[in-house]
Amino acid sequence: MIVVNAVIHSKREDIAALKNIISTMETASRAEPGCDDYTFSVELNNTNILRITEKWHTVDDLKAHFGMPHMDDFQKALAEYAPSSLEVKF
(Lines give C-alpha, C1' and ligand atoms only; values in the text may rest on other atoms or scores of the structure.)
Protein backbone atom coordinates (compact mmCIF):
# COMPACT_ATOMS: atom_id res chain seq x y z
CA MET A 1 0.00 0.00 0.00
CA ILE A 2 1.17 3.51 -0.85
CA VAL A 3 0.10 6.25 1.59
CA VAL A 4 0.30 9.91 0.61
CA ASN A 5 0.00 12.73 3.14
CA ALA A 6 -0.04 16.29 1.89
CA VAL A 7 -0.21 19.48 3.95
CA ILE A 8 -1.23 22.68 2.21
CA HIS A 9 -0.89 26.02 3.99
CA SER A 10 -3.28 28.50 2.44
CA LYS A 11 -5.79 31.19 3.22
CA ARG A 12 -9.12 30.13 4.68
CA GLU A 13 -10.96 31.98 1.91
CA ASP A 14 -8.87 30.28 -0.81
CA ILE A 15 -9.65 26.87 0.66
CA ALA A 16 -13.34 27.81 0.61
CA ALA A 17 -13.04 28.89 -3.04
CA LEU A 18 -11.62 25.46 -3.90
CA LYS A 19 -14.49 23.57 -2.26
CA ASN A 20 -16.19 22.46 -5.50
CA ILE A 21 -12.99 21.28 -7.19
CA ILE A 22 -11.97 19.50 -3.97
CA SER A 23 -15.31 17.68 -3.91
CA THR A 24 -14.89 16.65 -7.55
CA MET A 25 -11.31 15.55 -6.89
CA GLU A 26 -12.33 13.36 -3.92
CA THR A 27 -15.18 11.68 -5.77
CA ALA A 28 -13.29 11.08 -9.02
CA SER A 29 -10.12 9.89 -7.29
CA ARG A 30 -12.00 7.43 -5.08
CA ALA A 31 -13.49 5.90 -8.24
CA GLU A 32 -10.05 5.23 -9.75
CA PRO A 33 -8.66 1.70 -9.88
CA GLY A 34 -6.38 1.04 -6.92
CA CYS A 35 -7.63 3.89 -4.74
CA ASP A 36 -8.65 2.87 -1.22
CA ASP A 37 -9.02 6.38 0.19
CA TYR A 38 -8.76 9.97 -0.97
CA THR A 39 -9.78 12.54 1.62
CA PHE A 40 -9.35 16.26 2.06
CA SER A 41 -9.72 17.80 5.52
CA VAL A 42 -9.25 21.18 7.14
CA GLU A 43 -7.60 21.25 10.55
CA LEU A 44 -10.00 22.16 13.36
CA ASN A 45 -7.46 24.29 15.21
CA ASN A 46 -5.95 25.97 12.15
CA THR A 47 -8.39 26.46 9.29
CA ASN A 48 -5.58 27.70 7.05
CA ILE A 49 -4.26 24.14 6.75
CA LEU A 50 -5.73 21.71 4.24
CA ARG A 51 -4.66 18.07 4.43
CA ILE A 52 -4.93 15.36 1.79
CA THR A 53 -4.71 11.69 2.73
CA GLU A 54 -4.51 9.09 -0.02
CA LYS A 55 -4.16 5.30 -0.01
CA TRP A 56 -3.23 3.45 -3.20
CA HIS A 57 -2.67 -0.24 -3.88
CA THR A 58 0.46 0.27 -5.99
CA VAL A 59 2.86 2.91 -7.27
CA ASP A 60 1.47 2.31 -10.76
CA ASP A 61 -2.04 3.17 -9.53
CA LEU A 62 -0.70 6.41 -8.07
CA LYS A 63 1.20 7.23 -11.26
CA ALA A 64 -1.97 6.70 -13.30
CA HIS A 65 -3.79 9.07 -10.94
CA PHE A 66 -1.36 11.87 -11.82
CA GLY A 67 -2.48 11.65 -15.46
CA MET A 68 -6.21 11.89 -14.80
CA PRO A 69 -8.19 14.90 -16.08
CA HIS A 70 -9.52 15.71 -12.59
CA MET A 71 -5.91 15.91 -11.33
CA ASP A 72 -5.10 18.41 -14.06
CA ASP A 73 -8.20 20.46 -13.18
CA PHE A 74 -7.24 20.43 -9.50
CA GLN A 75 -3.66 21.51 -10.26
CA LYS A 76 -4.94 24.43 -12.35
CA ALA A 77 -7.32 25.53 -9.59
CA LEU A 78 -4.59 25.22 -6.97
CA ALA A 79 -2.32 27.40 -9.11
CA GLU A 80 -5.05 30.04 -9.22
CA TYR A 81 -5.24 30.03 -5.40
CA ALA A 82 -1.57 29.40 -4.78
CA PRO A 83 -0.81 28.12 -1.29
CA SER A 84 1.97 29.58 0.81
CA SER A 85 3.45 26.08 1.15
CA LEU A 86 2.82 22.51 0.11
CA GLU A 87 4.46 19.44 1.62
CA VAL A 88 3.87 15.92 0.32
CA LYS A 89 5.16 12.70 1.87
CA PHE A 90 4.87 9.18 0.49
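Reader: Why is E87 called partly exposed, rather than buried or exposed?

Author: In this predicted model, E87 has a relative accessible area of 42%, and because buried means under 20% and exposed means over 50%, E87 falls in between and counts as partly exposed.

Reader: What makes the contact of K89 with E87 a salt bridge?

Author: The closest N and O atoms of K89 and E87 are 3.3 Å apart, and since a salt bridge requires a Lys or Arg side-chain nitrogen within 4 Å of a carboxyl oxygen of Asp or Glu, the pair qualifies as a salt bridge. K89 itself counts as exposed, because its relative accessibility is 51% and the cut-off for exposed is over 50%.

Reader: How do you know that R30 and E26 form a salt bridge, and where do they lie in helix α2?

Author: Their closest N and O atoms are 3.8 Å apart, which is within the 4 Å that the definition allows. R30 and E26 are four residues apart in helix α2 (residues 19-30), and therefore about one helical turn separates them. E26 is called buried because its relative accessible area is 16%, and buried means under 20%, whereas R30, at 42%, counts as partly exposed.

Reader: What makes β2 and β3 paired strands?

Author: Strand β2 (residues 35-42) and β3 are joined over seven bridges in the antiparallel sense, and because pairing needs at least two bridges, they count as paired. One of these bridges sets Y38 opposite E54 in β3, and the two strands form a hairpin with six residues between them.

Definitions and conventions:
Residues are numbered from 1 along each chain as its sequence is written. This is a predicted model: local features need pLDDT of at least 70, side-chain atom pairs count only at pLDDT 80 or more; totals for chains, interfaces and linings use all residues. Side-chain values use heavy atoms; hydrogens and water are left out. Buried means under 20% relative accessible area, exposed over 50%, partly exposed in between (1.4 Å probe, protein chains only).
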